[in-house]
Amino acid sequence: MQGKKTNKELPMLEKYRKEIDKIDGELGKKLLERVKVIKKIAKYKNQHSLDTRDQRREKLILKRFKSPFQRAIFKEILEQSREIQNSQAKSQAVSLKKKV
């Protein structure tokens, strides 16, 4: 059994990790963009008395992804999206009560 190698001894590993870091940064930015749109959707749904959850839409989104990895990630994204929408709806309701 060989001793543990340092990162300097594993240049390809560092290269791959830098690739992952770049992808993670891009994903993070896109997720924040998604949150902005989610908040707009929440406002629209609240103004038009629509349910937060649209199971038909969720199924359509998940059908786009064949990989179990992608589907699992998007299930979590959809769940977090609902949480944001629910939170947004509650804060809008509180805001309306304060105005009355």
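**Briefing: fold, helix 2 and pockets of a three-helix chain**

In the protein chain, 57% of the contacts with a separation of 6 or more are between residues 24 or more positions apart. The model is predicted. Its secondary structure consists of three helices and zero strands, and the order from the N terminus is α-α-α.

**Surface and burial**
- The protein chain has 100 residues, and 13% of them are buried.
- About 8,900 Å² of the protein chain is exposed.
- Carbon and sulfur atoms supply 57% of that exposed area.

**Helix 2**
- The buried residues in helix 2 include Glu 58, Ile 61 and Leu 62.
- These residues lie on the same side of helix 2 because they cover an arc of only 95 degrees around the axis.
- Arg 56, Lys 59 and Lys 63 are exposed, on the face of helix 2 turned away from its buried side.

**Largest pocket**
- The largest pocket holds about 360 Å³ of space.
- It is lined by 18 residues, of which Arg 34, Ile 41, Arg 57, Ile 61 and Gln 85 are the closest to the centre.
- Helix 1 (11-47), helix 2 (55-63) and helix 3 (68-99) are the elements that each give two or more residues to this lining.
- By class, the lining of the largest pocket has eight charged, seven nonpolar and three polar residues.
- Ile 61 appears under two topics: it is a buried residue of helix 2, and it is among the residues closest to the centre of the largest pocket.

**Second largest pocket**
- The volume of the second largest pocket is about 210 Å³.
- Its lining is made of Leu 27, Lys 30, Leu 31, Phe 65, Phe 69, Gln 70, Ile 73, Phe 74 and Ile 77.
- Two or more lining residues come from each of helix 1 and helix 3.
- Helix 3 gives the largest share of the lining of the second largest pocket, with five residues.
- Seven residues in this lining are nonpolar, one is polar and one is charged.

**Linings side by side**

On the class counts, the two pockets read as follows.
- Charged residues number eight in the lining of the largest pocket, and one in the lining of the second largest pocket.
- Nonpolar residues number seven in the lining of the largest pocket, and seven in that of the second largest pocket.
- Polar residues number three in the lining of the largest pocket, and one in that of the second largest pocket.

Definitions and conventions
Residues are numbered from 1 along each chain as its sequence is written. This is a predicted model: local features need pLDDT of at least 70, side-chain atom pairs count only at pLDDT 80 or more; totals for chains, interfaces and linings use all residues. Side-chain values use heavy atoms; hydrogens and water are left out. On a 1 Å grid over the protein atoms alone, a cavity is a set of points where a 1.4 Å probe fits but cannot get out, and a pocket is an open set with protein on both sides within 12 Å along at least five of seven lines; lining residues have an atom within 4 Å of a point. Grid points are joined across faces, edges and corners, and a volume is the space filled by probe spheres set on the points. Helices (H or I, at least four residues) and strands (E, at least two) are DSSP runs, numbered from the N terminus. Ala, Val, Leu, Ile, Met, Phe, Trp, Tyr, Cys and Pro count as nonpolar, Asp, Glu, Lys and Arg as charged, and the others, Gly among them, as polar. Buried means under 20% relative accessible area, exposed over 50%, partly exposed in between (1.4 Å probe, protein chains only). Contact means heavy atoms within 4.5 Å. Accessible areas come from the Shrake-Rupley method with a 1.4 Å probe; for residues, only the protein chains shown count as cover. The arc is that of the directions from the helix axis to the C-beta atoms.
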